[in-house]
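I opened my notebook beside the viewer today and wrote down each thing as I looked it up. Come along and check the entries against the chain as you go.

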Amino acid sequence: MEITKGIFQASQNIYQNNKGSLLRTVIYTIGHFAIAITVLMIVADVSFKVALTDAIVEPIANSIWYFILDKWWTSKSKK
């Protein structure tokens, strides 16, 4: 019970301290999925399955990068 309570509290703290960055990251990721699928199917002429796989894997990496960049950027602009 203690571990679960600690994990929940830690998650809540992370969410509260990063609300804006997390929301922007989620919105960016959803948009990226749609754009990546569309572009791959049109430009590379790949199947929907292949485009979907790439559209999921690649934006996850980009989302992590964006979150780190956004945290760094906001830390610099506060100074």
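**Entry 1: helix 1**

How far apart are the end C-alpha atoms of helix 1, and what would a straight helix reach? Before answering, I note that I am working with a predicted model. Helix 1 covers residues 2–44, 43 residues in total. Its end C-alpha atoms are only 51 Å apart, while a straight helix at 1.5 Å a residue would reach 63 Å.

I then looked for a bend, and there is one: helix 1 turns by about 85° at N18. N18 also appears among the buried residues of helix 1. The others I listed there are S21, T25, T29, H32, A36 and I37. I asked what covers them, and helix 2 is part of the cover.

**Entry 2: helix 2, by the same ruler**

Next I took helix 2, residues 48–77. Its 30 residues should span 44 Å at 1.5 Å a residue, and its end C-alpha atoms are 41 Å apart, so the span agrees with expectation.

Which residues of helix 2 are buried? I wrote down A51, A55, P59, N62, S63 and D70. These buried residues pack against helix 1, and helix 2 in turn helps to cover the buried residues of helix 1.

**Entry 3: the loop**

Between the two helices I stopped at D45, which sits in the loop joining helix 1 to helix 2. D45 comes after helix 1. The phi of D45 is positive, about 50°, although D45 is not a glycine. I jotted a reminder beside that: most residues other than glycine have a negative phi.

Is D45 buried or exposed? D45 counts as exposed because its relative accessibility is 67%, and the cut-off for exposed is over 50%.

From D45 I moved to L40, since the two are in contact. L40 belongs to helix 1 and counts as partly exposed, at 22% relative accessibility. Leaving aside neighbours within four places in sequence, L40 touches V46, A51 and D54 as well as D45. I also checked L40 against A55: they are 15 residues apart in sequence, with 8.5 Å between their C-alpha atoms.

**Entry 4: the salt bridge**

How many salt bridges does a search of the whole structure find? It finds 1. The partners are D70 and R24, with their closest N and O atoms 3.0 Å apart. The pair links distant parts of the chain, D70 being in helix 2 and R24 in helix 1, 46 residues apart. My margin note reads: side chains of opposite charge can pair when their charged atoms come close.

I compared the two ends of the bridge. D70 is buried, because its relative accessible area is 9% and buried means under 20%. R24 is partly exposed, with 39%.

What else does D70 touch? Setting aside neighbours within four places in sequence, D70 is in contact with S21 and R24. S21 is itself one of the buried residues of helix 1. T25, also on that buried list, has its C-alpha atom 8.9 Å from that of D70, though they are 45 residues apart in sequence.

**Entry 5: the nonpolar patch**

Last, I turned to the surface. Which residues make the nonpolar patch, and how much area does it have? I found M41, F48, L52, I56, V57, I60, I64, W65 and I68, together making about 850 Å². Helix 2 gives the most to this patch, with 8 residues.

I picked two members for a closer look. I64 lies in helix 2 and counts as exposed, at 52% relative accessibility. I56 is also placed in helix 2, but I56 is partly exposed, with a relative accessible area of 36%. The C-alpha atoms of I56 and A36 are 8.7 Å apart, and the two residues are 20 residues apart in sequence.

I added L69 for reference, as another residue placed in helix 2. L69 is partly exposed at 28% relative accessibility. Patch members need over 30%, so L69, at 28%, falls short of that cut-off. Along the chain L69 and I56 are 13 residues apart, and 20 Å separates their C-alpha atoms.

How values were computed: Residues numbered from 1 in each chain as written. Predicted model: local features only at pLDDT ≥ 70, side-chain atom pairs only at ≥ 80, totals over all residues. Heavy atoms only, no water. Patch = residues over 30% accessible without salt bridge, like charges linked within 9 Å, V, L, I, M, F, W, Y side chains within 5 Å. Areas by Shrake-Rupley, 256 points an atom, 1.4 Å probe, with all protein chains shown as cover. Salt bridge = Lys/Arg side-chain N within 4 Å of Asp/Glu carboxyl O. Helix = DSSP H or I, 4+ residues; strand = E, 2+ residues; numbered from the N terminus. Buried < 20%, exposed > 50% of the residue type's maximum accessible area, 1.4 Å probe, protein only. Expected span 1.5 Å × (residues − 1). Bend = angle between axes of the 7 residues up to and from the residue. Contact = heavy atoms within 4.5 Å.
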